[in-house]
Amino acid sequence: MRTASIVAITVTALLLAIVVICYSLLKSGDLSARKKPGTFERAVANYALNLSIPGAAKKAKNPVKATPDALASGTKYYSENCAVCHGNDGAGRTNPAKGLSPDVPDLRATPVQKLTDGEIFYLIRNGIRFTGMPGWDFQDQEIWKLVLVTRQLPKQSSPNSPNKPAKPE
Ligand code: HEC
């Protein structure tokens, strides 16, 4: 009985502490998009995001071949819908990107290019909650073409090169 009450008091105290910490963080303006997530928050979010993608979706293969037609059509979708945040070159150095938290990633960089085709498809289709990344209701074929375009971006300019958009933004 004594142990039970010690446990109950400890749990209540811990919960109270969490509430006080959350309250003071919110009061100090921590939900403003001006504040970028720290390394720990980023790591936890990336882990959770990876965990949230179903295994079958990760393994899905791109049924669309990278023909000039498919790339042209994908690039059109990309410039019309994605470039506003990600930039025509994929670098993510755009005006909306400056004001978004978490950051708009460089689509040419290794962390994105290491994702499987299926993961990229899933992230484009469903978007990423609590971030600026929307989900898209395009037909599957169009999303697979966007996956092809994402793979093409590092071939057009490298993540370390100065910002040289393929087309003026
Ligand atoms: C309104 C801004 C915005 C638009 C428009 C947008 N994105 Fe994003 N995108 C983001 C942000 C912000 C993230 C990072 C989310 C995060 O922190 O996990 C992101 C993440 C991604 C990722 C995952 C990268 C990773 O590291 O996990 C891919 C792939 C992607 N976007 C592709 C696209 C494509 C393709 C389009 C167009 C159909 C598009 N995005 C449109 C803001 C945008």
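**Helices, core and ligand shell in a predicted model**

Me: What span does helix H2 reach from its first C-alpha to its last?
Reply: In this predicted model, H2 covers residues 39-52, which makes 14 residues. At 1.5 Å a residue, 20 Å is expected. The helix comes close to that, reaching 20 Å.

Me: How many of the residues of H2 are buried?
Reply: A buried residue needs 20 or more other C-beta atoms within 10 Å of its own. H2 lies largely in the open, because the number of its 14 residues that meet this is zero.

Me: What span does H8 reach from its first C-alpha to its last?
Reply: H8 has 17 residues. The expected value at 1.5 Å a residue is 24 Å. The model is close to it, at 25 Å.

Me: Which elements are included in what covers the buried residues of H8?
Reply: The buried residues of H8 include Ile143, Trp144, Leu146 and Val147. Lys145 and Thr150 are also among them. Their cover includes H4 and H7.

Me: Which element gives the largest share of the largest nonpolar core?
Reply: This core has 15 residues, and Phe121, Ile124, Ile143, Leu146 and Val147 touch the most other members. Helices H4 (68-86), H7 (117-126) and H8 (140-156) each give two or more residues to the core. The largest share is seven residues, and it comes from H8.

Me: Which residues does Ile124 contact, leaving aside neighbours within four places in sequence?
Reply: Ile124 is one of the core residues that touch the most other members. Two of its contacts, Ile143 and Leu146, are also on that list. With those two, the contacts of Ile124 include a tryptophan: they are Ile143, Leu146 and Trp136.

Me: Which element gives the largest share of the shell around the ligand?
Reply: The shell holds 24 residues, and Cys82, Cys85, Thr131, Gly132 and Met133 come nearest. Two or more residues come from each of H4, H6 (110-113), H7 and H8. The largest share is five residues, from H4.

Me: How many residues of the shell around the ligand are charged?
Reply: The shell divides by residue type into 19 nonpolar and five polar. The number of charged residues is none.

Me: Is Asn62 buried, partly exposed or exposed?
Reply: Asn62 is in the loop between H3 (55-59) and H4. Beyond four places in sequence, Asn62 touches Asp117, Trp144, Val147 and Leu148. Asn62 has 18 C-beta neighbours inside 10 Å, so it counts as partly exposed.

Me: What separates the C-alpha atoms of Asn62 and Ser158?
Reply: Along the chain, Asn62 and Ser158 are 96 residues apart. In the model, the separation of their C-alpha atoms is 23 Å.

Me: Where is the proline of the cis peptide bond from Ser101?
Reply: Most peptide bonds are trans. The bond from Ser101 to Pro102 is cis, with omega near 0°. Pro102 sits in the loop between H5 (95-98) and H6.

Me: Is Phe130 buried or exposed?
Reply: Phe130 is in the loop between H7 and H8. Phe130 has a positive phi of about 65°, though it is not a glycine. With 7 other C-beta atoms within 10 Å, Phe130 is exposed.

Me: Over which residues does pLDDT stay under 50?
Reply: The chain averages a pLDDT of 91, and 93% of the residues score at least 70. One stretch stays under 50, and the model has 11 contacts for it beyond four places in sequence. That stretch is residues 165-169.

Conventions
Residues are numbered from 1 along each chain as its sequence is written. This is a predicted model: local features need pLDDT of at least 70, side-chain atom pairs count only at pLDDT 80 or more; totals for chains, interfaces and linings use all residues. A nonpolar core is a set of buried Ala, Val, Leu, Ile, Met, Phe, Trp, Tyr and Cys residues joined through C-beta atoms within 7 Å. A residue is buried if 20 or more other C-beta atoms lie within 10 Å of its own, exposed if 12 or fewer, and partly exposed in between; C-beta atoms are placed from the backbone. Helices (H or I, at least four residues) and strands (E, at least two) are DSSP runs, numbered from the N terminus. Two residues are in contact if their C-beta atoms, placed from the backbone, lie within 7 Å. A residue is near a molecule or strand if its C-beta atom, placed from the backbone, lies within 6 Å of it. Ala, Val, Leu, Ile, Met, Phe, Trp, Tyr, Cys and Pro count as nonpolar, Asp, Glu, Lys and Arg as charged, and the others, Gly among them, as polar. pLDDT is the predictor's confidence in each residue, from 0 to 100. The expected span of a helix is 1.5 Å times one less than its number of residues.
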